[in-house]
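Q: I'd like to learn how to read strands and burial in a model like this. Can you walk me through it?

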Amino acid sequence: MILANRLKTAAATTGSSVEFVDSFESIAVSGSQDFTGINIGTAASDRNIIIVLGLANLSTITNLTDVSVGGTHLTLYYGTDGGATPIQTIIAAGLVTAGNTATVTVTASFCSVFAAVYKYNAPSTTLTLVDNVSNSEASNSNAALSDVEIQSGGVVFYGCSDRASNTTSTVSWTGADSPAEGSVIVGARTLHHGYIICTESTTTDDLTISIGGTDKVARQAVSFI
């Protein structure tokens, strides 16, 4: 069974730049946990921090309730939690203009967390959500994230949380632009992550993150402008 979710809004502008800057993980977050000295890239007035989070051993979609960077609380974009499937991807994002490193604080009732940190110099400074598409599977069949809406000059961040330790993945995108894949975070669980800088006019495309095995997975793609 595939469970899916989507939430969307829209805007339009041009131009953006993205950089993968750091990662962190913990096998057990209960309450608030600080991850210190996290690289967040060069400070800038238009710098947004995007954190792609893989979660495991959680009980509900609200298991993780807050992510802050240097005291700035990010907006949480929840992916499908899979119901009885204890795996989820969540993308957190927000404007953080000061500092080159920061303490990232994650608040959750209990879960393991593995995360990738990006900086995104957004063309309009404040992020506007274009689309949020997600699915989860109790038994992986590499189901696509379908009809992800994009806008020219925007960016898609994506993640695939996997309860197995799969070190490789293949990412395909039906749009004109090429995905940039981040380094796979492998611990007790695995997070495959990356981004796509969009040059096409407003359209919808499909994203497939193919990994081996049939363990539980949760995928998410969030599109911003």
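## Reading strands, partners and burial

A: Let's start with a single pair of residues: Ala56 has Ile87, in strand β7, as its bridge partner. Keep in mind that this is a predicted model.

Q: How many bridges link β3 and β7, and in which sense do they pair?

A: Nine bridges, in the antiparallel sense, with β7 covering residues 87-95. On top of that, β3 is joined to strand β8 (residues 101-121) by 10 bridges, also antiparallel. For a sample contact there, look at Val52, whose bridge partner in β8 is Ala116.

Q: How many residues of β3 are buried?

A: The idea is to check relative accessible area, where under 20% counts as buried. In β3 (residues 47-56), 10 of the 10 residues are buried, so the strand is mostly covered. Then check the faces: Arg47, Ile49, Ile51, Leu53 and Leu55 are buried on one side, and Asn48, Ile50, Val52, Gly54 and Ala56 are buried on the other.

Q: What about β17: is it enclosed or open to the outside?

A: Strand β17 (residues 217-224) is largely enclosed by the rest of the structure, because eight of its eight residues are buried. One face has Val217, Arg219, Ala221 and Ser223, the other has Ala218, Gln220, Val222 and Phe224, and all of these are buried.

Q: Which strands are joined to β17?

A: Strand β9 (residues 129-137) is joined to β17 by eight bridges, running antiparallel. Strand β11 (residues 155-162) is joined to β17 by eight bridges too, again antiparallel. To find these pairings on screen, go to Val133, which has Ala221 as its bridge partner in β17, and to Cys160, which has Arg219.

Q: Now a smaller topic: what is the strand order in the open sheet that includes β10?

A: Read across it and you get β10-β16-β12, three strands with antiparallel pairing. The edges are β10 and β12 (170-173), each pairing on one side only. Neighbouring strands in this sheet are turned by 30° against each other on average, ignoring direction. Between β10 and strand β16 (residues 203-210) there are four bridges, and the two run antiparallel. Val148 shows the pairing, with Asp205 as its bridge partner in β16.

Q: And Glu149: buried or exposed?

A: Find Glu149 in strand β10 (residues 145-150). Glu149 counts as buried, because its relative accessibility is 13% and the cut-off is under 20%. Also try a sequence-versus-space check: Glu149 and Val130 are 19 residues apart in sequence, while their C-alpha atoms are 6.6 Å apart.

Technical notes:
Residues are numbered from 1 along each chain as its sequence is written. This is a predicted model: local features need pLDDT of at least 70, side-chain atom pairs count only at pLDDT 80 or more; totals for chains, interfaces and linings use all residues. Side-chain values use heavy atoms; hydrogens and water are left out. Buried means under 20% relative accessible area, exposed over 50%, partly exposed in between (1.4 Å probe, protein chains only). Two strands pair if DSSP finds at least two bridges between them. Axes are lines fitted to C-alpha atoms, for helices over the stretch in contact, and angles run from 0 to 180 degrees between N-to-C directions.
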